[in-house]
Protein chains: 2
Amino acid sequence: MKYSHIPFKTSKTISSELHSKNAKLLLQAGFIHQEMAGVYTFLTLGLRVLEKINKIIKEEMDTIAAEIQMTSLAPIEIWEKTGRKHSVDVLMKTLPANEKAKLKNDSEYVLGSTHEEMVTPLVMEFNRSYKDFPFAVYQIQTKFRNEPRAKSGLLRCREFLMKDLYSFHTSEEDLRKYYEISKEVYWRVFDRLGFSRQDTFITLASGGDFTKDYSHEFQTVCDAGEDIVFRVPSTGLTFNREVAPSKAPTMDQSNEEMKPLEEVEGKGVIGVNDLVKFLGITAEQTTKTLLFENEKGEIIAAAVRGNYEINEEKLRKISHSETLKLTSAETVKRITGAEIGYVGLFNLPSEVKIYMDESMKDRRNFEMGANKTFIHCRNVNFGRDLPLPEKFYDFKTAKQGDMYPETGEIYEVYKTAEIGNIFPLNTKFSKAFGYMFTNEKGEQLPVYMGSYGIGPSRIMGVLVEKYADEKGLVWPDSIAPFVVHLISINKNEQAEIIYKTLQKNGIEVFYDDRDVSAGQKFADADLFGMPIRLVISGKTGEKIEWKKRTEEKIELLTIDEILQKLQK
Amino acid sequence: MKYSHIPFKTSKTISSELHSKNAKLLLQAGFIHQEMAGVYTFLTLGLRVLEKINKIIKEEMDTIAAEIQMTSLAPIEIWEKTGRKHSVDVLMKTLPANEKAKLKNDSEYVLGSTHEEMVTPLVMEFNRSYKDFPFAVYQIQTKFRNEPRAKSGLLRCREFLMKDLYSFHTSEEDLRKYYEISKEVYWRVFDRLGFSRQDTFITLASGGDFTKDYSHEFQTVCDAGEDIVFRVPSTGLTFNREVAPSKAPTMDQSNEEMKPLEEVEGKGVIGVNDLVKFLGITAEQTTKTLLFENEKGEIIAAAVRGNYEINEEKLRKISHSETLKLTSAETVKRITGAEIGYVGLFNLPSEVKIYMDESMKDRRNFEMGANKTFIHCRNVNFGRDLPLPEKFYDFKTAKQGDMYPETGEIYEVYKTAEIGNIFPLNTKFSKAFGYMFTNEKGEQLPVYMGSYGIGPSRIMGVLVEKYADEKGLVWPDSIAPFVVHLISINKNEQAEIIYKTLQKNGIEVFYDDRDVSAGQKFADADLFGMPIRLVISGKTGEKIEWKKRTEEKIELLTIDEILQKLQK
């Protein structure tokens, strides 16, 4: 392709305050165009990258599923059936845009944010006997999610491409078998897309909306990522923050003597930061106690070392609750006798279930709310002031410096971006739609499902975040818009011949045939980030300058040498 | 691909009362799945056809434009700028689907039914100097149109693929040059897609919403089509019905004597059918006179031979009106003195502009409303009862039997389906968005635009309508999901070898590896419509049965002979 074929120019005025790194560079290079926050048009070169990503994904998915293409418009009823019409907070619906349109057809539709609701009734029309299983379908299709914040360029869009695959099984065991195979296929995709297994992990993650079980995510180290993962060095086992089991750094105070319990009046001293300043102690010496109420009306008091957050999801599971919410100020008053802000574990009514995080353990002379308005206790000690519980739990959100409880190793902690996820949906959707199959004995049993996602446009953004440098984009060979970026400096005739020679030999070549300065051509080549830059000029004679985007070294080569290198 | 890879079955229960021919066959074959009226999922084999269509379109468009991919979500403002937010009667907008979503982000967007509104501001950011012109961009992208009636399968969908191309020029002349080139490119696409130039035409069509000039459509003969085209046999010039100039069959009554004018009371006798019965005359002898009002408040009386309809678009142009609407009953009363239903051309106030269609000419003793309630006149004659007008016009809707006025040839008339359209938008959108370019002299001038559409999914439906037979689908070689449909009857080992041999030789082969009856396999092969069926069975020995989908002849060939035939 020639540069003159593309009616888009590079720009120098894209603000890095308004745009994330990936959006800024892709906008600057004219690879994408922003329509609204989180809504991007793919321009010619950007679209080539996206399509190469799609092609790799497609080739690998074809080995384990049949491709289809579902629609974005969905009948409202199927989203009512699963209840997600009312619960998905990024879901959009459509309406006629004007009165004229309303008169002609006033139907409303859901605009698909994902396709479990559509695929389940679809495939159940065709596959009802055990003989039809297992099977899987996938698509690469546009999703609509009205994200409240869409500020990470291609990493979080309101309209974006998704590869979504759905698998169907007659047993949980068969689902699990396929689930493991899908991990291997995903690794092949990510290998081919240029992700390194050195800094890309399969993490255990929460099942989210879909399941109370875990799901898995593929996370790659990335400063712009929205996730934090915790990795066990010896085993490589990796967790998303929200599910990472954690053991806090030990506070060995066994040499310290118990000091006398003190009650300190601190009107308006609320929260760890206030306490640290007011009492002149460390955050580790404070205690955070919160009261929750579950769906059964049980009151749960949960206490952690003051510099931790309580992970409600962990606490929910430990306390065998379906849902948890913080109690109201009135309930706090009723239970503790004090205003909110001074809760501790002293003298709680017997109805209250007390849970202590393991970070509470082994401390001496720590602080805790006194259950009296304005009063904090200091020099609290187990055994003397507070009974030592039968058991400590782990319901804090893991932090840098925490240990993996089973081995005591300190976690490696990484900022990461999600590039894929796989969910065992089990029977959630088959039950909602009454999708049963007939087994060998003629019995009707629910179908097991899995769901497997990769966002091609998101992948493109993540690769920019990871590999671009101060000069511009840097593309892995497999997805670069073109392999070769050809520049001629006043040697257009020779360049035309080289351009055609490369094309004839099946090399994807981009030729900057514009009438602009050499400096502009070089700068744009760096900005576009194609793997190989070839230059011919007065200085190169019959030879051609060869330079890799990622290296400084320049070689003078003949066209034959270049073809040989490229065909390798 | 093996049949067992596809989790979709053929069906025998698709109703031809509920579905058009193309939808019925594609549903029956498991090529598509209906989600709602006009909303279809493409299943594995259907998607392969669609993607082959896309590939051909893409290869040809790449020769004249740069590919991009715009979004479906558009800011409401750009649709306000052109006024089409309020006028497009199939336009949809999006809203949050529930209260939770509304709280997080209550933005509304337009869901694109076409992309002039989006592409114009996009490209004007990059191209403002005459040096940047001409250029063109295109995409193959999903469109949303909330069609009130969506009953023609893939021919009219609410969500469908569209190839839309937009070209940009510094003059009308340059636009016209590109416009002519686009016709050639379109022909190459349609040739490759299997349309014959024998029964596919470029027709002159109305400019629709876009322009008061003409546009052009590619129309192919098709019983299920929604259009009727009129073709001049000697020149091949073809018109869409709504713009076809027409000369009515001559009514030579010169030998007939003028009969005395009669007034006949016919209370409630309104309209041509009533009159024909009531007066015992032919429809040709009646006259249809309608009163219109234009945007200037002028009253226009238009009269045609009773068996014709008035074409308002033609009349609008002839009467130099911007808009025309039928007058109210009150106005009819005021102008004619009579109730509605008895309008004629007698004694109209001088403010009324009278237009007579050429079909009025050369008649004698014809009928006409008397401008008196309940009264019709018969035996009306020019010269005696009604002054002969200075000029007759052509503002009727053309009908079978009509002539092309310039040559007097009787039109060939075809029922057709539109498969592509091209519009000279001229400056409509550049003016709405203030898109000006700077010419050589530094002057600011408006940009000229063209718009060029092809609907790939519609094309698929039209090809089914045209070529399918009573046994099922019939695909042109270029877009068949696979070239070869391989069937084994109890010779699975040999079939597996042939399957792999064909694949190794680059032949696209579909292998029915199911454990079903031979009859079912043959029926499905016919239904799927791939060009070549290969069968191995006990009867075929070492050889293989070769049959074309469109022929009855069966040959016994060796695998080498088959490869030779296929590679041709």
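This is a guided tour of a predicted model, moving from the pair of chains to one pair of helices. Local features need pLDDT of at least 70, side-chain atom pairs count only at pLDDT 80 or more, and totals for chains, interfaces and linings use all residues. Residues are numbered from 1 along each chain as its sequence is written, and chains are lettered from A in the order in which they are written.

Begin by selecting chains A and B. A turn of 180° and a shift of 0.1 Å along the axis lay chain A on chain B with an RMSD of 0.2 Å (superposed by least squares on the C-alpha atoms of residues with pLDDT of at least 70 in both). The two copies are thus related as by a two-fold rotation axis. Next, select Thr94(A): in chain A, its C-alpha is the nearest to the axis, at 2.3 Å.

Now colour chain A by domain: domain 1 (19-195 + 430-464), domain 2 (262-380) and domain 3 (482-567). These bounds come from an automatic or database domain assignment. The centres of domain 1 and domain 2 of chain A, taken over C-alpha atoms, are separated by 43 Å.

Finally, select helices α2 (residues 44-61) and α7 (residues 172-192) of chain A, whose axes come within 9 Å and cross at roughly 155°. Axes are lines fitted to C-alpha atoms over the stretch in contact, with angles from 0 to 180 degrees between N-to-C directions; helices are DSSP runs (H or I, at least four residues). α2(A) and α7(A) are therefore roughly antiparallel (angles over 145 degrees). Ile56(A), Ile57(A) and Glu60(A) in α2(A) meet Val185(A), Arg188(A), Val189(A) and Arg192(A) in α7(A) (C-beta atoms, placed from the backbone, within 7 Å).

Definitions and conventions:
Helices (H or I, at least four residues) and strands (E, at least two) are DSSP runs, numbered from the N terminus. Angles under 35 degrees count as roughly parallel, over 145 as roughly antiparallel, 65 to 115 as roughly perpendicular and the rest as oblique. Two residues are in contact if their C-beta atoms, placed from the backbone, lie within 7 Å.
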